[in-house]
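Trainee: I am new to this structure and would like to go through it slowly, one question at a time. Could we look at it together?

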Amino acid sequence: MAMQEELNQFERKEVWDLVPLPSDYPIIETKWVFRNKLDESRIIIRNKARLVAKGYNQEEGIDYDETFAPVARIEAIRLLLAYASIMNFKLCQMDVKSSFLNGLTKEKVYVEQPPGFIDFKYPNHVYKLKKALYGLKQAPRSWYDRLSKFLIENDYVRGKVDNTLFVKKFKNDTMYVQIYVDDIVFGSTNISLCKEFAKTMQGEFEMSMMGELTFFLGLQIKQMSDGIFITQSKYCNELLKKFGMEGCKEAATPISNSCNLDLDEKGIAVDNSKYRGIIGSLLYLTASRPDIMFVVCLCARF
């Protein structure tokens with residue numbers, strides 16, 4: 001059912017056309033990817049099937065040119081949360097359904113028919129893409145171009161420092177829109193501007209989730225009358241599970257600030273990739289845990 005729902009989206013968005021096999025263009029293979037979408041309590045809220053192109057077979061200059069697309073940094077999200085708390089307005093979020101399918105492809109790209117859904121009349125035909133497909137190297141860029149163009153046409157101004165922040169001013173009120181691929185966080189000092197934005201977006205794109213901002217990029221967010229509180233407890237539990245440290249001993253103070261680390265000559269060699277993985281994960285955790293910043297940065301030097 002999830003696979004059929006994905007292909008129905010393709011039909012509605014007019015993603016591709018079935019054409020005879022071209023002789024002078026490479027054909028990119030496709031595959032199905034299945035995923036359970038979880039909420040912050042790790043309860044399955046949706047089963048997703050996504051058809052993706054095997055983009056690693058693409059050739060630069062033939063199948064794609066420009067691929068870079070800006071995404072919001074965690075610092076930008078925290079600044080927006082802090083500003084919303086100071087100005088005392090609620091932040092909301094929305095999720096664009098199959099966002100990459102909205103991006104227009106400039107290059108000629110041909111993909112195989114989806115596994116399990118071969119057209120029995122034309123089994124040797126291929127699909128010529130009109131829109132970007134997940135897995136293509138240029139898909140994030142195409143989607144960002146489409147969304148930013150749409151927002152600018154609707155009187156939003158793109159940030160000069162942060163290209164993922166769009167601002168719209170109306171009299172004494174301001175509307176803020178922060179983009180992270182298909183996740184959009186928005187808020188305003190005037191609630192009617194939020195309603196207008198939601199209506200505008202629904203008129204142009206299919207939306208799958210809307211409501212108050214509670215969970216974003218691993219941050220659990222609680223918006224209350226006396227401030228905005230953030231935590232990463234779900235992310236913490238996932239880290240402990242991933243690195244096999246669920247039964248480890250707790251420590252109130254991570255390390256003394258006068259501690260010096262040096263080489264342990266007799267120690268057992270550490271797995272480089274695992275160590276880097278732990279440090280990288282902990283650096284992301286400092287977004288809500290400044291108390292571990294010193295020790296994580298100290299370990300990151302090695």
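**Strands, helices and rings**

Mentor: Strand 6 (residues 110-111) and strand 7 (residues 126-129) are paired in the antiparallel sense over 2 bridges, where strands count as paired if DSSP finds at least two bridges between them. This is a predicted model, in which local features need pLDDT of at least 70 and side-chain atom pairs count only at pLDDT 80 or more, while totals for chains, interfaces and linings use all residues. Residues are numbered from 1 along each chain as its sequence is written, and side-chain values use heavy atoms, with hydrogens and water left out.

Trainee: Which residue of strand 7 stands opposite Tyr-110?

Mentor: Strands 6 and 7 run antiparallel to one another, and helices (H or I, at least four residues) and strands (E, at least two) are DSSP runs numbered from the N terminus. The residue of strand 7 that stands opposite Tyr-110 is Lys-128.

Trainee: In what order do the 4 strands of the open sheet with mixed pairing lie?

Mentor: The edges of this sheet are strand 1 (16-19) and strand 2 (27-28), each of which pairs on one side only. With mixed pairing, the 4 strands form an open sheet in the order 1-7-6-2.

Trainee: Which strands stand at the edges of the sheet with the order 13-14-15?

Mentor: This open sheet has 3 strands and antiparallel pairing. Each edge strand has a single partner strand, so one side of each is left without a neighbour in the sheet, and these edge strands are strand 13 (215-216) and strand 15.

Trainee: What residue of strand 14 stands opposite Phe-215?

Mentor: Strand 13 and strand 14 run antiparallel and are joined by 2 bridges. Opposite Phe-215, in strand 14, stands Gln-220.

Trainee: How many residues does the hairpin use to join strand 14 to strand 15?

Mentor: Strand 14 (residues 219-224) and strand 15 (residues 227-231) pair in the antiparallel sense over 5 bridges. Met-224 has Gly-227 of strand 15 as its bridge partner. The hairpin that joins strand 14 to strand 15 does this through 2 residues.

Trainee: Where do the buried residues of helix 4 lie around its axis?

Mentor: The buried residues of helix 4 (residues 191-204) are Leu-193, Cys-194, Phe-197, Ala-198 and Met-201, buried meaning under 20% relative accessible area, exposed over 50% and partly exposed in between (1.4 Å probe, protein chains only). An α-helix has 3.6 residues a turn, so residues three or four places apart point the same way. On the other side of helix 4, Lys-195, Lys-199 and Gly-203 are exposed. The buried residues cover an arc (that of the directions from the helix axis to the C-beta atoms) of only 140°, which puts them on the same side of helix 4.

Trainee: What is included in the cover of the buried residues of helix 7?

Mentor: In helix 7 (residues 293-300) the buried residues are Val-295, Val-296 and Leu-298. Seen down the axis, these residues fall within an arc of 160°, so they line one face of the helix. What covers them includes helix 6.

Trainee: How many residues apart in sequence are the parts that the pair of Tyr-235 and Tyr-284 ties together?

Mentor: Rings of Phe, Tyr and Trp (its six-membered ring) pair if their centres lie within 6.5 Å, and planes under 30 degrees apart count as stacked, over 60 as edge-to-face and the rest as tilted; by this rule the count comes to 12 aromatic pairs. Tyr-235 and Tyr-284 form one that is edge-to-face, with 5.4 Å centre to centre and 65° between the planes. Tyr-235 lies in helix 5 (residues 233-242) and Tyr-284 in helix 6 (residues 272-285), so the pair ties together parts whose separation in sequence is 49 residues.

Trainee: Is Tyr-235 buried or exposed?

Mentor: Its partner Tyr-284 has 26% relative accessibility and counts as partly exposed. Tyr-235, at 16% relative accessibility, counts as buried.

Trainee: Where is Lys-171 found, given that its phi is positive?

Mentor: Phi of Lys-171 is near 55°, a positive value in a residue other than glycine. Lys-171 is exposed, with a relative accessible area of 76%. Its place is in the loop between strand 9 (165-170) and strand 10 (173-180).

How values were computed
Expected span 1.5 Å × (residues − 1). Contact = heavy atoms within 4.5 Å.
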